[in-house]
Amino acid sequence: MDIWELDKLVLFIAFVIPGFISIKVYDLLIPTNKLDSSKILIDAIAYSSINYALLSIPILAVEASELKQVHPNCYAFFYFMVLFLAPILWALVWKWLRTRQFFQKNAPHPTSKSWDYVFSQRKPYWMKITLKNGSKIGGKFAEKSFASSTPAEEQIYLEEVWLLNDKGGFDRPKNETEGIIIMSSEISYVEFFKYN
């Protein structure tokens, strides 16, 4: 039994590739912990089947028509959409649904960590970070700043470090600051302030 026979290759492409595309696009939109390859294969087949179920009426309509004989390029483009574009669309729709308030009444938010939720919004903040040793670091989180996301360990880069005054307010930027990287293992908690 040769796995490279054309019919086996077509079955593999038909029932693994669409689901695999959906999984990878969704992982780009909502970072998750890496799954083992055997779990991904089963999920890919399941998502490919869902793809075909959702597109069953258009597929049946195309197969019942004479599109293949009359317009073979349109027929090929239709199946290109079924195999490659529709799985991307389903991932975008699923992400959109899971982040809507009405949907979250019955299902959890797709973002598993508050760290990822806050920083995925890419909003600028003034931040006060309290370290486990009790010291505080103030800084600006804006366009040039960065925060890691799942599955990586939480780290934050603040583009400017600010000196804090006696009352805990932001006094001024540190001289010649180029920013600071702080590891989550050092952080006790983080306070966010509106950036004006």
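**Exercise 1. Which residues does Asn 51 touch, not counting residues up to four places away in sequence?**

Solution. Before we start, a word on the model: it is predicted, so to speak of local features a pLDDT of at least 70 is needed, side-chain atom pairs count only at pLDDT 80 or more, and totals for chains, interfaces and linings use all residues. Residues are numbered from 1 along each chain as its sequence is written, and side-chain values use heavy atoms, with hydrogens and water left out.

Step 1: find Asn 51 in helix H2, residues 37-54. Helices here are DSSP runs of H or I with at least four residues, strands are runs of E with at least two, and both are numbered from the N terminus.

Step 2: look for contacts, meaning heavy atoms within 4.5 Å. Asn 51 touches Pro 18, Val 82, Ala 86, Pro 87 and Trp 90.

Step 3: check the cover. Asn 51 counts as buried, at 1% relative accessibility. Buried means under 20% relative accessible area, exposed over 50%, and partly exposed in between, with a 1.4 Å probe and protein chains only.

**Exercise 2. Describe the overall form of the protein chain.**

Solution. Step 1: count the elements; there are seven helices and eight strands.

Step 2: consider the radius of gyration, taken over C-alpha atoms. The protein chain has 24 Å, whereas a compact globule of 196 residues would have a value near 16 Å. That globule rule is 2.2 Å times the number of residues to the power 0.38.

Step 3: add the spans. Along its principal axes, the C-alpha trace covers about 80 × 40 × 35 Å.

Step 4: turn to burial; 31% of the 196 residues count as buried.

**Exercise 3. Find the largest nonpolar core and the elements that build it.**

Solution. Step 1: use the rule. A nonpolar core is a set of buried Ala, Val, Leu, Ile, Met, Phe, Trp, Tyr and Cys residues joined through side-chain atoms within 4.5 Å.

Step 2: name the central members. Among the 14 residues of the largest core, Phe 119, Met 127, Ile 129, Phe 141, Ile 156, Leu 158 and Ile 182 touch the most other members.

Step 3: assign elements. Two or more residues each come from helix H7 (114-120), strand S1 (125-131), strand S2 (136-141) and strand S4 (155-158). S1 gives the largest share, four residues.

Step 4: look for another core. A second, separate one has 10 residues, including Leu 55, Val 62, Tyr 75 and Val 82.

**Exercise 4. Compare the surroundings of Thr 130 and Ser 188.**

Solution. Step 1: place them. Thr 130 is in strand S1, and Ser 188 is in strand S8, residues 187-194.

Step 2: compare cover. Thr 130 is buried, with a relative accessible area of 6%, while Ser 188 is partly exposed at 44% relative accessibility.

Step 3: list contacts, leaving out residues up to four places away in sequence. Thr 130 touches Ser 135, Lys 136, Ile 187, Ser 188 and Tyr 189. Ser 188 is in contact with Thr 130, Leu 131 and Lys 132.

**Exercise 5. Inspect the backbone in three loops.**

Solution. Step 1: go to the loop between strand S3 (146-147) and S4, where Pro 151 sits. The peptide bond from Thr 150 to Pro 151 is cis, with omega near 10 degrees.

Step 2: move to Arg 122, in the loop between H7 and S1. Although Arg 122 is not a glycine, its phi is positive, about 55 degrees.

Step 3: finish with Glu 176, in the loop between strand S6 (170-173) and strand S7 (180-183). Glu 176 has a positive phi of about 50 degrees without being a glycine, and at 80% relative accessibility this residue counts as exposed.
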